[in-house]
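Okay, thanks everyone, let's get going. I'll put the model up and walk you through it.

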Amino acid sequence: MTTASSPPRITAGAMTGTSLDGIDAAVVAISGHGLDMRAEVLSHAAGPLGSAEETIRQLTTGGETSAKVIATAVKALSTQTAAVMQQAIGNHRVDFAGVHGQTVLHAPPCSWQLIDAAVIADTLSCPVASQMRGGDLAAGGEGAPITPLADWILFRSNVRRAIVNLGGFCNITWLPAGKDINSIAGRDICVCNQLLDAAAARRLGRNWDVDGQHAAAGVANEAIVNSLMRTLTSDGPTRSLGTGDESLNWLDESIARDAPSDILLASMANAIGSTIGTAAAANADEIIVAGGGAHHRPLVAAIASATDVPVRPSSDLGIPIEAREAACIAVLAALDRDGIRGTLPAVTGRRDGPMISMQWCQPI
């Protein structure tokens, strides 16, 4: 039986997001078990997708390829993921780990994350959990968002918090004040970095607008802002977002196509940030931002301008903005290991009751 004096369990997590900007890994110390656990981020690291990136981009855009090319990419991505995790782990002794893998399709009831946990378990010499969405999907859920319960472990407090993930898509977890997990809410909001990065690629010839520098050089155009906001909110918050929800066609509309680059990028940051900020402020005393988009200054400024609720980065609470998702993956693995299923019926729409666990690769 675990006692108050028991040493913490050390776990690692890795995440590759839909914006395809690399692999993030975090090492987390878990004190306690089940819903009583507490988590502290000890270290984190990041690295590129490596040689698998071209194939991953092909798959995410519906390009045709072969089974051999996919298998080769999975092996390369898994090897690279293990290397980034080892960088984060350093001299820590890891008891177990969790890996999400690279989403190449999310269209519930189907969702496909590329990863071979066996490669990672062999490299790290510890049990590794994967297939983190499968149990929820099998139970009739959307398979997303999967982080709200992990966010509760990492960020719960005596104030209401909105945890905003500024990734390829934006999703928000609303945490109640106190310990009532039945009051946790969460949903996907709109496309975020996927669309911003696509505009940067078309207009700047770069994978992304670093820190939103080009967006900061422009002035938002009200007509462009309103046009994009209508696109972002047209489908409503009734399902998880994924493949086909990137709103890339909007970039081909004349109002976007004919705008100068700095004005377009400034307007997009304003529209996306305003949409997110308005949504996040509901039932929140403070807004916590994390993810790659938290470096995009005009985007974060637009979130703050949309509400009177204070906005601050997760790093203020000891969770580096680059490490929040990877830390959540580590926490989800710990919950699963303790027999606590990581998704919430009220969030994903899955049926209540028993749910299939993650898949574990166990060195023997």
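So, contacts to start with: of those with a separation of 6 or more, 71% are between residues 24 or more positions apart in the chain. Keep in mind that what you're looking at is a predicted model. In terms of secondary structure, the chain has 13 helices and 12 strands.

How does the radius of gyration sit against a compact globule? For 364 residues, a compact globule would come out near 21 Å, and the chain has 20 Å, so the two agree. The C-alpha trace spans about 65 × 50 × 40 Å along its principal axes. Buried residues account for 53% of the 364. On the surface side, about 15,200 Å² is exposed, and 50% of that comes from carbon and sulfur atoms.

Let's go to the N-terminal end of things, strand E1, residues 9–16. Eight of its eight residues are buried, so the rest of the structure largely encloses it. And that goes for both faces: Arg9, Thr11, Gly13 and Met15 are buried on one side, and Ile10, Ala12, Ala14 and Thr16 are buried on the other.

Who does E1 pair with? One partner is E2, residues 23–31, which runs antiparallel to E1 over eight bridges. If you want a landmark there, Met15 stands opposite Asp24. The two strands make a hairpin with six residues in between, and in that turn you'll find Leu20 with a positive phi of about 60°. Another partner is E4, residues 96–107, and here the pairing is parallel, over five bridges. The landmark on that side is Gly13, standing opposite Gly98.

Now the cores. Nonpolar side chains in soluble globular proteins tend to be buried together. Here, the largest nonpolar core has 44 residues, and the ones touching the most other members are Val164, Leu166, Ile172, Met268, Ile272 and Ile276. Several elements put in at least two residues each, including strands E7 (161–166), E8 (169–175) and E9 (185–191), along with helices H6 (193–204) and H8 (222–233). H10 gives the largest share, nine residues. There's also another core, apart from this one, with 36 residues, among them Met132, Ile146, Ile184 and Ala333.

Back to Leu166 for a second, as one of those well-connected members of the 44-residue core. Leaving out neighbours within four places in sequence, its contacts include Cys192 and Asn193, then Ile276, then a run from Val289 through Ala290, Gly291, Gly292 and Gly293 to Ala294, and also Leu299, Val300 and Ile303.

While we're on H10, which covers residues 261–280, have a look at Ser267, which sits in that helix. Is Ser267 buried or exposed? Its relative accessible area is 0%, so it counts as buried. What does its side chain have for polar company? A polar atom of the Ser267 side chain lies 2.8 Å from the backbone nitrogen of Asn221. Beyond four places in sequence, Ser267 is in contact with Val219, Ala220, Asn221, Ile224 and Val225.

Last stop, helix H5, residues 148–155. Eight of its eight residues are buried, so to speak of an exposed face wouldn't fit: the helix is mostly covered. That list runs Pro148, Leu149, Ala150, Asp151, Trp152, Ile153, Leu154 and Phe155.

Okay, that's my tour. Happy to rotate the model if anybody wants another look.

Terms used. Residues are numbered from 1 along each chain as its sequence is written. This is a predicted model: local features need pLDDT of at least 70, side-chain atom pairs count only at pLDDT 80 or more; totals for chains, interfaces and linings use all residues. Side-chain values use heavy atoms; hydrogens and water are left out. Buried means under 20% relative accessible area, exposed over 50%, partly exposed in between (1.4 Å probe, protein chains only). Helices (H or I, at least four residues) and strands (E, at least two) are DSSP runs, numbered from the N terminus. A polar contact is a pair of N or O atoms within 3.5 Å; within protein, one must be able to donate a hydrogen and the other to accept it, and residues adjacent in sequence count only if both atoms are side-chain atoms. Contact means heavy atoms within 4.5 Å. A nonpolar core is a set of buried Ala, Val, Leu, Ile, Met, Phe, Trp, Tyr and Cys residues joined through side-chain atoms within 4.5 Å. Two strands pair if DSSP finds at least two bridges between them. The radius of gyration is taken over C-alpha atoms; the globule rule is 2.2 Å times the number of residues to the power 0.38. Accessible areas come from the Shrake-Rupley method with a 1.4 Å probe; for residues, only the protein chains shown count as cover.
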